[in-house]
Amino acid sequence: RTNPSAKPESALSPYACQRRTTMDNHNKIFTDALEVLAENLELGGNQGPSLAFRRAASVLKSLPAALRHLQETQHLPCLGEHSRAIIEEIFEYGSSSRVEEILNDERYRTMKLFSSVFGVGPKTSESWFCRGLRSFEQVLSEPSVRLNRMQTAGFLFYEDISKPVSRTEASALKIIVEEAVISVNPSATVSITGGFRRGKEFGHDVDFIIKTPEAGQEDVILTAVIERFKSQNILLYSDFQESTFDLRQLPTHCFEAMDHYSKCFLIIKLKREQETDARAGRDWRAVRVDLVAPPLERFAYALLGWTGSTLFERDLRRFARLERGKLLDNHTLYDKATNTFLPANTEEDIFAHLGLEYIEPWQRNA
Ligand code: ATP
Ligand code: MN
Ligand code: MN
C-alpha cells in the first residue's frame, strides 16, 4: 500500500485478534524467557501481572523477523519497561539472570512438575509444595494426600500423556473418533480444533468438535461415542460433562471462560504403527482427547472458542467489549447497544460482526 494516510505496516495493534501470528516464531529466545516470567507469576497466583509478559511475548511472536536491536521494541505495543529490560539483558549476555534464577528455583520447578499431571492445577501443586513434597514418589507415599479420579489417571498414564502428541497421531485419532461418531449418527461430522487446527506439529492433547444437524443430539452422541470406545476396549479414562446450555438463560449464564456445551475429557489407547513397546509389553500409547458437541446454531461460536490460542481468545473478548460494546463468549455475541444476540453461521460472520479482518486459524498462534 502506498496511501500515505494509511497506518504504516509497523503499527501493530495491542490486540492479538488484530495481528496475524503464525507458528513461525522468529523471536523464540525472547518469547521463551518472557513466558517463563509469566508462568512463574501464574504458578504464584498472580494472573494479572503475568498477562503483561504474555502480551509482550505475543507481540514478538507476530513479528516478521528476529529483533536485531533493543530500539526496535520502542514502537511496539505491550512492551513495558520490565519486558524491555529482559530483552536488553538477552541481547547483551545471551540470557536473563532473572529467568535463570526462576528456572533453578525449587518452588518453580516443583510446581511445574506437579501441575504437569493431568488433573493437578496450581492450587493442588501449591498445597503439595507447602507440605514439603518435592517429587511424585513423595506425593504418592504421603498418607494425607487424597487423589481424585482425574489425578489418579494422571499419575497412572503420566509417562504416555506427558509426551507430546504428533500430527500423525492426531490424524489417526480423528479416524477413530469419526468412525465412532458416524456409527452413532451418520449425518454428524468431526473436525479437529485446538492447537492442531492452528497448525501446531505437536500438542498436549487432541481437540475435536462434533457437529450434529439435529437439535438436542449433543449429550446423546457423546454418551454413545464413549460407550463405543468402552466396548472397543480403548477407553482408559472419561469425564463426561452434560450440557448445561440454556438459551433462555442467556446472557446471564455466559461470558465466562468455561462453556456450557456437552463435552468430555478422555484418555484413549492409540495403537502404535510399527514399533511395539517391548518394555511395557504393549502395542499402544495413552493420549488425551477432548470432545465438544455444541448445538448446530452455536457451532461457529464454539469452533472459534475452541480453536484458541488462549491469548487470542482473551483479546477477542476484550476487543469486543472495549472497542465495540459487545460481549463475546463460546456461545454467542451480544450487542449491548441494541440488546440483541448476533447470529453467526461461520467464524467469518463473527469477525465481521466485530468489524475485524478475518484471521485464519493458523494465524491465531498469539
Ligand atoms: P495444546 O497443544 O497444548 O493442547 P491447545 O491450544 O490445543 O494447545 P487446549 O488446552 O487443548 O490448548 O485448549 C484448546 C482451546 O479449547 C482453548 O482455546 C481453550 O480456550 C478451549 N477450552 C479448553 N477447555 C475448555 C473448557 N473446559 N471449556 C471451554 N473451552 C475450553
Ligand atoms: Mn489442545
Ligand atoms: Mn484440550
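This tour of a predicted model goes through two manganese ions, the aspartates around them, and a histidine in a loop.

Begin by selecting the manganese ion (ligand 3) together with the side chains of Asp205, Asp207 and Asp290, whose OD atoms coordinate this ion at 2.1 to 2.2 Å. If you then display the sequence alongside, you will find these donor residues spaced as D-x1-D-x82-D. Colouring by secondary structure shows that the pair Asp207 and Asp290 links distant parts of the chain, since Asp207 belongs to strand 4 (residues 206-211) and Asp290 to strand 7 (residues 284-293), 83 residues apart.

Next, add the manganese ion (ligand 2), which is coordinated by the OD atoms of Asp205 and Asp207 at 2.1 Å. Centre the view on Asp205, which bridges the manganese ion (ligand 2) and the manganese ion (ligand 3), and check the separation between the two ions, which is 3.6 Å.

With the ions still in view, turn on the protein surface and consider how accessible the aspartates are. Asp205 and Asp207 are both buried, with Asp207 at a relative accessible area of 9%, and Asp290 counts as buried because its relative accessibility of 6% is under the 20% cut-off.

Finally, select His331, which sits in the loop between strand 8 (326-328) and strand 9 (333-335). Is this loop residue, His331, buried or exposed? His331 is buried, with a relative accessible area of 1%. To end the tour, show the backbone of His260 as well, and draw the distance from its nitrogen to a polar atom of the His331 side chain, which comes to 2.9 Å.

Technical notes
Residues numbered from 1 in each chain as written. Chains lettered and ligands numbered in written order. Predicted model: local features only at pLDDT ≥ 70, side-chain atom pairs only at ≥ 80, totals over all residues. Heavy atoms only, no water. Donors = N, O, S within 2.8 Å, 3.2 Å for Na, K, Ca; no water. Helix = DSSP H or I, 4+ residues; strand = E, 2+ residues; numbered from the N terminus. Buried < 20%, exposed > 50% of the residue type's maximum accessible area, 1.4 Å probe, protein only. Polar contact = N/O pair within 3.5 Å; in protein donor to acceptor, adjacent residues only side chain to side chain.
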